[in-house]
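Colleague: I am new to this structure and would like a close look at a single part of it. Could you take me through the place where the two chains meet, with enough of the surroundings to find my way?

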Amino acid sequence: MDISNYKDVYVFVEQREGVIQNIALELLGKARDLANALDEKVVAICPGHTIANKAKGLFAYGADRVLCIDDAELGVYTTEPYTQAIAQIVNSYKPGILMIGATTIGRDLGPRLSARLNTGLTADCTQLEIGEDRHLMMTRPAFGGNLMATIVCKEHRPQMSTVRPGVMKPGIKDESRNGEVEMVSIDFDRTKFRVKVIETVKEKKNLVDITEANVLISGGRGIGSEEGFELLQQLAKLLGAEVSASRAAVDSGLSTHERQVGQTGKTVRPDVYIAAGISGAIQHLAGMEESEFIIAINKDKSAPIFQIADLGIVGDAKKIIALLTEKLKKE
Amino acid sequence: MNMKIIVCIKQVPDTTEIKLDPVTGTLIRDGVPSIMNPDDKGGLELALQLKDKYNAHVTVITMGPMQADDILREAYAMGADRAIHLTDRKFAGADTLATSNALAGALRQLEYDLIISGRQAIDGDTAQVGPQIAELLDLPQVTYLESLEFDEKNTFTIRKQTEEGYQIVQVDTPCLVSVLSSANKARYMNVRGIVEAHSREVELWGVDKIEVDHEKLGLKGSPTKVNKAFTKGVKSAGQVFEVDDYEAVEIIVNKLKEKYIL
């Protein structure tokens, strides 16, 4: 493959029910930086149904060109129509870089596309920059967040990466930037559309948003059981806090994914973060180290959580939480 | 005709057990246990439930060094019918695409109605291998599977997780699904299974056994390469108290008052 034919930074623009998702704006912000460093253009790829009007707004967020693909099959995301659409664009426009949001849609589309295009894909990048030799340096956590790795894709194009929502900042909206949306038509092989969406359901799952809480009480494996998490709930009530959890606790069914803090969960920065029975794998620390004040309770004195805690207590988290709850109830 | 299922599983270090050396900031890998990747185990459980219900035949396949034999034996003990271990020096150093090429090469030698992978492995968290295999084998894919129903002919109705809730989709066999560990609580190995698992045959397959362009395997066949790896620096620690539980509670209460939480 002659990689010199490939240039410009392309962004896959995700829409749901005709609404362009924030992640697209975040990617455009980063794409703008990368394109400036390369002295190339930012191109937004916007598949959907009757989306062109909204796609116009992408110029203000940093796009130099906006390619819109309009088809009834693209209204609700399914793998194959989207893969065909983006693959055909890549084959005719030859992007140097292709960025995709690491949403459930992007993580379904990205790998399928990379295999079809026979190129590399780096998942969940937290940092993207242009290296000295003009390749994209893609940094991501590995080994459960214990290690950071910088990945390069030197001999294949496009250099593909996914980025999780909330990691990059959207560019500042610049209304003076403008342009014409280009409509692109795709030659679909509809016989390959083999997954049928029957129903899309939005659930209001009690609307827990741990990222909004001022105080978080987070339980890990050291808190043990369902009973332990029940204690955390009681304490949270007394403190006006929310309960969150480590991956270990979520994996063992003690809490739910929307309450998970860490690399594969959410990034939080409350005023006070109480880590109860969490040893502090870097995967967890990555999601909470920016908290204003961190209290850690853990029985293992050498647990890494103590290295970032403002106040550390060596002891049995479950017992101490129980005593604390008792005491506050009495007061 | 019984349904034929292949489950792709991976042996991973239990990343929740990994710690950093507080002085050097390097990874302490010694003594970290190896386990069957949790999402893959959820996938195997789904396959075994289909076996219980429809008498499906369940094959497990893994790619990895010799020690990965452990998770295949574990799969036998849980109830798998056949185990294949892809192992060859030519597979070493593979990124996700080269891994998918190897697995797809092996899967081309096998019959299947359903291929199951875990959503993602806890050592890499990429969630790429499932969809890449589906593409290489020209199969439809459904990712983030929460539950699945079979019409006993050739159609699956699947509930898949989304950020806002879920989606119900339909797909015909053959297809590939990637499964969340939370979807199915994996069964325990049964005692007879554990005993028998040691004497059962695990098929060892090298590159010669699979159908794939050898240029697309291992480090050589990997479009992505690690340029450098590093650990993040640590922020300076605060005060750590080793006191009895009552005193500990006092300290916490005082601090919460100081912070106007109480």
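Modeller: What follows starts with one chain as a whole, goes on to the contact between the chains, and ends with the nonpolar cores and one glycine. Please keep in mind throughout that this is a predicted model.

Chain A has 331 residues, of which 55% count as buried, and its secondary structure comes to 9 helices and 18 strands. Along the principal axes, the C-alpha atoms of chain A fill a box of roughly 70 × 45 × 40 Å. The domain assignment divides chain A into domain 1 (3-192) and domain 2 (210-330), and the C-alpha centres of these two domains of chain A lie 36 Å apart. Among the contacts in chain A with a separation of 6 or more, 64% are between residues 24 or more positions apart.

Turning to the part you asked about, the contact takes 70 residues from chain A and 69 residues from chain B. On the side of chain A that touches chain B, strand E13 (residues 195-202) of chain A gives the most, with 8 residues, and the residues of that side divide into 35 nonpolar, 17 polar and 18 charged. E13(A) is also joined to a strand of the other chain, since 7 bridges link it to strand E11 (residues 165-172) of chain B, and the two run antiparallel. To see one of these pairings, look at Val197(A), whose bridge partner in E11(B) is Val169(B).

The nonpolar cores come next. The largest has 67 residues, and those that touch the most other members are Val7(B), Val60(B), Ala75(B), Ala102(B), Leu103(B), Ile133(B) and Val177(B). Helix H3 (residues 96-107) of chain B provides the largest share of this core, 7 residues. Apart from this core lies another, of 58 residues, which includes Leu25(A), Ala44(A), Phe59(A) and Ile86(A). Returning to chain B, Ala75(B) is in contact, beyond its neighbours within four places in sequence, with Ile9(B), Leu44(B), Val60(B), Ala80(B) and Ala83(B).

Finally, Gly221(B) is found in the loop between strand E13 (202-205) and strand E14 (225-230) of chain B. Gly221(B) counts as buried because it has 22 C-beta neighbours inside 10 Å, where 20 or more are required. Leaving aside neighbours within four places in sequence, Gly221(B) is in contact with Ala94(B), Ala98(B), Asn101(B), Glu215(B) and Lys216(B). From C-alpha to C-alpha, Gly221(B) and Leu97(B) are 8.1 Å apart in space, although 124 residues separate them in sequence.

Definitions and conventions:
Residues are numbered from 1 along each chain as its sequence is written. Chains are lettered from A and ligands numbered from 1 in the order in which they are written. This is a predicted model: local features need pLDDT of at least 70, side-chain atom pairs count only at pLDDT 80 or more; totals for chains, interfaces and linings use all residues. Helices (H or I, at least four residues) and strands (E, at least two) are DSSP runs, numbered from the N terminus. A residue is buried if 20 or more other C-beta atoms lie within 10 Å of its own, exposed if 12 or fewer, and partly exposed in between; C-beta atoms are placed from the backbone. Two residues are in contact if their C-beta atoms, placed from the backbone, lie within 7 Å. Domain bounds come from an automatic or database domain assignment. A nonpolar core is a set of buried Ala, Val, Leu, Ile, Met, Phe, Trp, Tyr and Cys residues joined through C-beta atoms within 7 Å. Ala, Val, Leu, Ile, Met, Phe, Trp, Tyr, Cys and Pro count as nonpolar, Asp, Glu, Lys and Arg as charged, and the others, Gly among them, as polar. Two strands pair if DSSP finds at least two bridges between them.
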